[in-house]
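Thank you all for coming; I would like to walk you slowly through one structure today, and I will ask a few questions aloud as I go. Please have a look at the sequence and the model before I begin.

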Amino acid sequence: MSDSDPYVESDDPITISDDDSEAEVEGSSRLTSGSPSPEPVETSLGAAIRSASHAQLVSIMLELCKGSKSNASTSEIVGLRLLTPIKPTPSQPMQGRKRKRLETCKHCHEEYDIITNAKGDCVYHPDEKDVDDESSTWDDHDERCHGDPYSLMDDPTYEDGYRWICCDKRGGEDGCVASRRKPAAVASAAKHSRH
Ligand SMILES: [Zn+2]
Ligand SMILES: [Zn+2]
């Protein structure tokens, strides 16, 4: 274990809500409609382990096997990596609740650490791609043998054959919006009130 303690409160370590505004494209309210960040959900260490990616679990196993000089137990070490305290709020004033530290971004679908999640980490297009009929990509394209362009959107071979509706950039170009990463909707949020 290093001395870097992820529980240390920096100026804004785990606030992941209320930053929709920074993700807005000029004048667009598209992003804010229906996408408030979900309330943090209390999570057990077991649930956090089950939801962590293979890469994270490998990294944690390696750390455990290196042998820690500290007296921290295995669950403490793993807990530091996978859980983080939920800040008490007026509506949820209870102390000591923990939430998952790793989330999957709903925009870029990458796993990220909510503690180090910084502005600009997520670069994405807020809208869909559409087929660009004027693209030379489709000049010799025969749908009967190559496939319907609408079914090839995720195929990098054809990325120049599409444009992003949000910014009119070509399909393969980097996102037009940069923001913090955002958690995907939490499926278990509805059950939270039972605790
Ligand atoms: Zn993202
Ligand atoms: Zn875009």
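In which loop is the place of Glu159? Before I reply, please keep in mind that what you see is a predicted model. Glu159 sits in the loop between α4, which covers residues 143-146, and β7. Is Glu159 buried, partly exposed or exposed? It has 17 C-beta neighbours inside 10 Å, and therefore it counts as partly exposed, since the buried class begins at 20 such neighbours and the exposed class ends at 12. If we leave aside the neighbours within four places in sequence, Glu159 is in contact with Arg170, Gly171 and Gly172. There is also a pair to look at here, because Glu159 and Glu173 are 14 residues apart along the chain, while their C-alpha atoms are separated by 8.6 Å.

Let me step back to the whole protein. Its secondary structure comes to 4 helices and 8 strands, and if you read along the sequence, these follow the pattern α-α-α-β-β-β-β-β-β-α-β-β. Of the 195 residues in the protein, 17% are buried. Among the contacts with a separation of 6 or more, 64% are between residues that stand 24 or more positions apart.

Now to the helices. Helix α2 runs over residues 54-65 and helix α3 over residues 74-82, and their axes come within 11 Å and cross at roughly 140°. Which residues make the contact? From α2 they are Ile60, Glu63 and Leu64, and from α3 they are Thr74, Ile77, Val78 and Arg81. By character, the residues of this contact divide into 4 nonpolar, 1 polar and 2 charged. The crossing of α2 past α3 is right-handed.

How far apart are the end C-alpha atoms of α2? They are 16 Å apart, and this agrees with what we should expect, because 12 residues at 1.5 Å a residue should span 16 Å, where the rise is multiplied by one less than the number of residues. As for cover, α2 has hardly any, since the count of buried residues among its 12 residues is 0. After α2 comes Gly67, which has a positive phi near 85°.

Where, then, is the largest nonpolar core? It is made up of 5 residues, namely Ala48, Ala52, Val78, Leu82 and Leu83. You have already met Val78, as one of the residues of α3 in the contact with α2. Leu83 touches Thr43, Leu45, Ala48, Lys98, Arg99, Lys100 and Arg101, again without counting residues up to four places away in sequence.

Two more residues deserve a look for their position in loops. Gln92 is in the loop between β1 (83-85) and β2 (98-100), and it is partly exposed because it has 13 C-beta neighbours inside 10 Å. Gln92 and Glu39 are 53 residues apart in sequence, and from C-alpha to C-alpha they are 10.0 Å apart in space. Ile114 is in the loop between β4 and β5, the latter being residues 122-124, and with 19 other C-beta atoms within 10 Å it is partly exposed. The C-alpha atoms of Ile114 and Lys100 are separated by 8.6 Å, and the two residues are 14 places apart along the chain.

I will finish with the backbone. Most residues other than glycine have a negative phi. Which value does phi take at His109? It is about 65°, a positive phi, although His109 is not a glycine. His109 is found in the loop between β3 (102-104) and β4 (111-113), and it counts as exposed because 9 other C-beta atoms lie within 10 Å. Asp168, which is not a glycine either, has a positive phi near 70°. Asp168 is in the loop between β7 (162-164) and β8 (177-179), and with 11 C-beta neighbours inside 10 Å it, too, counts as exposed.

Notes:
Residues are numbered from 1 along each chain as its sequence is written. Chains are lettered from A and ligands numbered from 1 in the order in which they are written. This is a predicted model: local features need pLDDT of at least 70, side-chain atom pairs count only at pLDDT 80 or more; totals for chains, interfaces and linings use all residues. A nonpolar core is a set of buried Ala, Val, Leu, Ile, Met, Phe, Trp, Tyr and Cys residues joined through C-beta atoms within 7 Å. Two residues are in contact if their C-beta atoms, placed from the backbone, lie within 7 Å. Axes are lines fitted to C-alpha atoms, for helices over the stretch in contact, and angles run from 0 to 180 degrees between N-to-C directions. Helices (H or I, at least four residues) and strands (E, at least two) are DSSP runs, numbered from the N terminus. A crossing is left-handed if the near helix is turned anticlockwise from the far one by less than a right angle, and right-handed if clockwise. Ala, Val, Leu, Ile, Met, Phe, Trp, Tyr, Cys and Pro count as nonpolar, Asp, Glu, Lys and Arg as charged, and the others, Gly among them, as polar.
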